[in-house]
Amino acid sequence: MSERYEVIIIGGGPAGLTAAIYASRANRKTLLLDKEIPGGQLNDTTDVENYPGFDEPITGPELMERTKRQAERFGTHIVLEEAVDVEWGGQGEDHRVITAENRYEAPVVILATGAGPVELPAQGADRLKGRGLSYCAVCDGYFFRGKKLLEVGAGDSGFTEALFLAKFADEVRIVVRHPEDDPQRFKAKDKTLIDRVLHHPKIRFLWNTEVVALKGEEKVEGVVLRRRDTGELLEMDDIAGVFVNIGHKPATEFLQGKLEMDEHGYLLTDRRMRTRVPGVYGVGDVRTFSGEYAQAVVAASDGCIAALEAEKYLRDRTWPLEEETYS
Ligand SMILES: Cc1cc2nc3c(=O)[nH]c(=O)nc-3n(C[C@H](O)[C@H](O)[C@H](O)COP(=O)(O)OP(=O)(O)OC[C@H]3O[C@@H](n4cnc5c(N)ncnc54)[C@H](O)[C@@H]3O)c2cc1C
């Protein structure tokens, strides 16, 4: 038998937990599903210094634990199960969310499943994640003042990160898989950005190379690179941090064919976080627009908007999509 709620939120990162605070505080019977301990990507980091309201750094897991307790205080029911399928009802009707263990029904479903970086395929990467290996320069760059860093990823985001890192670091070396004379040597397209990176006094390139291993037990203490033309291995023991930007993957596999997505699988919504299915919202890093600004505060803002919109929908059950802001 299905258990019935008014609002079901899938994903307990900053977006989902914020939606849960608002929905349950509005006295709606709210279920939040997460396949892991709620907290999302911030559970993978140490100090968070840019989330408003904390004048001293707070660790990612503590910030998320406190947000979870805040949602629970207003009555959110948190269940650790993975959503594996959904069945949409019509306007004003209940939708169904299916997990391996149970089925849940509600007229509102808020999708907050986030996105994850494509991980560096190098030896030691699992062990050193959050210990010198980072997938977020805005979050962690500050901790590497005066150090030598490696940026893996030569797209526009990798270059933007390299410029950001060069504000703190002594030197940033960008690993590029293609040779210098290859006309397709970078994925980056933004000419101004490329020009800035090429002429930056602290940035240099390691052409025709890839990272094969990270050195260090407790923290990154160097890297092993391989030249792609000769296979020659090159050790660098002066690298204190490795920043990776080789793409992101939204957690939308279970929604394929059920909702509109962009070519990378990010959910399309209007500016009120509405998908084309009445009562179904997409928030946080899983949403195409917000993923561009993948930050906790942006995800939280999306969650707040969706919950306020859901409150209106639960009252009047209408769904006037704003085509001009649908993206
Ligand atoms: C290492 C690191 C450090 C960062 N540091 C900062 C920082 O200092 N400041 C900052 O503002 N931002 C930081 N960010 C970015 C920030 O964490 C993200 O922008 C934010 O977490 C996005 O929130 P979200 O709720 O959209 O998604 P996520 O945080 O990705 O949460 C999604 C949740 O959904 C769950 N989920 C996924 N699929 C399912 C499913 N099918 N069923 C049930 N549950 C599911 C996941 O388990 C996860 O808990 C950092 C990111 C990383 C990786």
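This is a conversation about the two domains of a predicted model and about the ligand placed in it.

Trainee: How do you know where domain 1 and domain 2 begin and end?

Mentor: The bounds come from an automatic or database domain assignment, and this gives domain 1 as 3-117 + 248-325 and domain 2 as 125-244. The centres of domain 1 and domain 2, taken over C-alpha atoms, are separated by 33 Å.

Trainee: Which residue counts describe the contact of domain 1 with domain 2?

Mentor: With heavy atoms within 4.5 Å as the criterion, 8 residues from domain 1 and 9 residues from domain 2 take part. The area buried between domain 1 and domain 2 is about 600 Å², and carbon and sulfur atoms give 53% of that area. On the side of domain 1 that touches domain 2, the classes are 1 nonpolar, 4 polar and 3 charged residues.

Trainee: How many salt bridges does the rule find across the interface of domain 1 and domain 2?

Mentor: A salt bridge requires a side-chain nitrogen of Lys or Arg within 4 Å of a carboxyl oxygen of Asp or Glu, and across this interface the rule finds 0 of them. The rule likewise finds 0 residue pairs in polar contact there, with both residues required to be at pLDDT 80 or more.

Trainee: Why is the approach of Asp-285 to the ligand called a polar contact?

Mentor: The cut-off for a pair of N or O atoms is 3.5 Å, and a polar backbone atom of Asp-285 is 2.9 Å from an oxygen atom of the ligand, so the pair qualifies as a polar contact. By the same cut-off, polar backbone atoms of Pro-14, at 3.2 Å, and of Ala-294, at 3.3 Å, also qualify, each with an oxygen atom of the ligand.

Trainee: What makes up the surroundings of the ligand, and what percentage of its accessible area does the protein cover?

Mentor: There are 32 residues around the ligand, and Asp-34, Gln-41, Cys-139, Asp-285 and Ala-296 come nearest. On its own the ligand has 1,000 Å² of accessible area, of which the protein covers 95%.

Notes:
Residues are numbered from 1 along each chain as its sequence is written. This is a predicted model: local features need pLDDT of at least 70, side-chain atom pairs count only at pLDDT 80 or more; totals for chains, interfaces and linings use all residues. Side-chain values use heavy atoms; hydrogens and water are left out. Buried area is the accessible area (1.4 Å probe) that two parts lose on being put together, summed over both. A polar contact is a pair of N or O atoms within 3.5 Å; within protein, one must be able to donate a hydrogen and the other to accept it, and residues adjacent in sequence count only if both atoms are side-chain atoms. Ala, Val, Leu, Ile, Met, Phe, Trp, Tyr, Cys and Pro count as nonpolar, Asp, Glu, Lys and Arg as charged, and the others, Gly among them, as polar. A residue is near a molecule or strand if one of its heavy atoms lies within 4 Å of it. Accessible areas come from the Shrake-Rupley method with a 1.4 Å probe; for residues, only the protein chains shown count as cover.
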